[in-house]
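Please work through the following exercises with the model at hand. Each consists of a task and a stepwise solution.

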Amino acid sequence: MDTTTLSDAALPAGFDISLKTRDGNPGLRGNYASMAADYTVPQAMSDYTSEQQARWLRLVERQLALIPSRACKEFLDAVNGLTALDMRRGIPNFADVNVALKAATNWTLVAVPGLLPDDVFFTHLANRRFPVTVWLREEREFDYIVEPDIFHDFFGHVPMLFTPIYADHLQAYGEGALKAKRLGGLDWLARLYWYTIEFGLIREKGATKAYGAGVLSSPKELIYALDSPIPKRVPFDVMTSMRTAFLIDDVQTTYFVLESFQQLRDDTAPDFTPHYEQLKREGA
Ligand code: HBI
Ligand code: FE
């Protein structure tokens, strides 16, 4: 698949990109030339080459070998129990997965060229549509990639969408993020997303497991987040997570640990307007 780079000058109006590539280049990978108004593209299954299919399988096998003792039960149940999520069959066809996903939690996957402007991304989430990047990383990026590709988006994010309480939270997050944008609180809400949806850990029968997509899709970070004595693992707290800056191109120094997905739902249910006012006063 051709992954052309969109030059800075060609960025769509209002494209406020919060994630930059490692060298600080705000250019975006992905083919944004023929997308619809909501940034969706067709997923051209026949465009995936045999090399890409083979690379996908190697990425999947490596990660499947690491998750049995480290991923949370909800993630493992989805990956092991659903034919639609049998990622060993090759690069998933989103249309097939959508039949099962729609039935489970009324979410749908939409194919996108890559990173989306914040408000486009959040509008999809608020409507129970999860954007999945269509392109796969190159061989030289096998171990590490900063931008989300189809392996991160699909392997990391999609299994959790089959859990109703998580699926409901993510829709509410999308709605909350659109509101945060209006209130000037988006940087803080992005941190919450980072420390939950991307790098979240959860307690399970006295053990600590991963549910965040950034952890679950990275061999290095999955082992580091759960097995290393170095990082801090602190009980999840909304305000603390929003005060904690993050790095996008290295393993995290702090992981936030949930007691349950009900806690995530309950703690993010209140109106965050006072939170943003407080954080503004603090200069957080
Ligand atoms: N676009 N495709 C895509 N995927 C993301 O995870 C994403 C995005 N645009 C913006 C964005 N994330 C961030 O603003 C959030 O992580 C907060
Ligand atoms: Fe992600």
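The exercises below treat the overall fold, two helices, two backbone angles and the ligand shell.

This is a predicted model, in which local features need pLDDT of at least 70, side-chain atom pairs count only at pLDDT 80 or more, and totals for chains, interfaces and linings use all residues. Residues are numbered from 1 along each chain as its sequence is written, while chains are lettered from A and ligands numbered from 1 in the order in which they are written.

**Exercise 1. Determine how compact the chain is.**

Step 1. The chain contains 12 helices and 8 strands (DSSP runs numbered from the N terminus: H or I of at least four residues for helices, E of at least two for strands).

Step 2. The radius of gyration is 18 Å, close to the 19 Å that the globule rule gives for 284 residues, so the chain is as compact as a globular protein of that length. The radius is taken over C-alpha atoms, and the rule is 2.2 Å times the number of residues to the power 0.38.

Step 3. Along its principal axes, the C-alpha trace spans about 50 × 45 × 40 Å.

Step 4. Of the 284 residues, 39% are buried. A residue is buried if 20 or more other C-beta atoms lie within 10 Å of its own, exposed if 12 or fewer, and partly exposed in between, with C-beta atoms placed from the backbone.

**Exercise 2. Identify the buried side of α1 and what covers it.**

Step 1. Helix α1 (residues 50–66) has 17 residues, which should span 24 Å at 1.5 Å a residue; its end C-alpha atoms are 25 Å apart, in agreement. The expected span is 1.5 Å times one less than the number of residues.

Step 2. The buried residues of α1 are R55, W56, L59, V60 and Q63. They cover an arc of only 135 degrees around the axis, which puts them on the same side of α1; the arc is that of the directions from the helix axis to the C-beta atoms.

Step 3. An α-helix has 3.6 residues a turn, so residues three or four places apart point the same way.

Step 4. The face turned away from the buried side carries exposed residues, including E51, R58 and E61.

Step 5. The cover over the buried residues of α1 includes α5 (150–157) and α9 (219–227), through contacts (C-beta atoms, placed from the backbone, within 7 Å).

**Exercise 3. Carry out the analysis for α3.**

Step 1. In α3, the buried residues are F94, V97, L101 and T105. Their arc is only 60 degrees around the axis, which puts them on the same side of α3.

Step 2. V99 and A103 are exposed on the other side of α3.

Step 3. Among the elements covering the buried residues of α3 are β3 (108–112), β4 and α6 (164–183).

**Exercise 4. State where R128 and K205 lie and how exposed they are.**

Step 1. R128, although not a glycine, has a positive phi of about 60 degrees. R128 lies in the loop between α4 and β4 and, with 18 C-beta neighbours inside 10 Å, counts as partly exposed.

Step 2. K205 has a positive phi near 50 degrees. K205 is in the loop between β5 (201–204) and β6 (207–210) and, with 6 C-beta neighbours inside 10 Å, counts as exposed.

**Exercise 5. Describe the residues that surround ligand 1.**

Step 1. The shell has 11 residues, the closest being L115, L116, F121, A190 and Y193. A residue is near the ligand if its C-beta atom, placed from the backbone, lies within 6 Å of it.

Step 2. α4 (118–126), β4 (129–133) and α7 (186–198) each supply at least two shell residues.

Step 3. By class, the shell has 8 nonpolar, 2 polar and 1 charged residues. Ala, Val, Leu, Ile, Met, Phe, Trp, Tyr, Cys and Pro count as nonpolar, Asp, Glu, Lys and Arg as charged, and the others, Gly among them, as polar.

How values were computed. Two residues are in contact if their C-beta atoms, placed from the backbone, lie within 7 Å.
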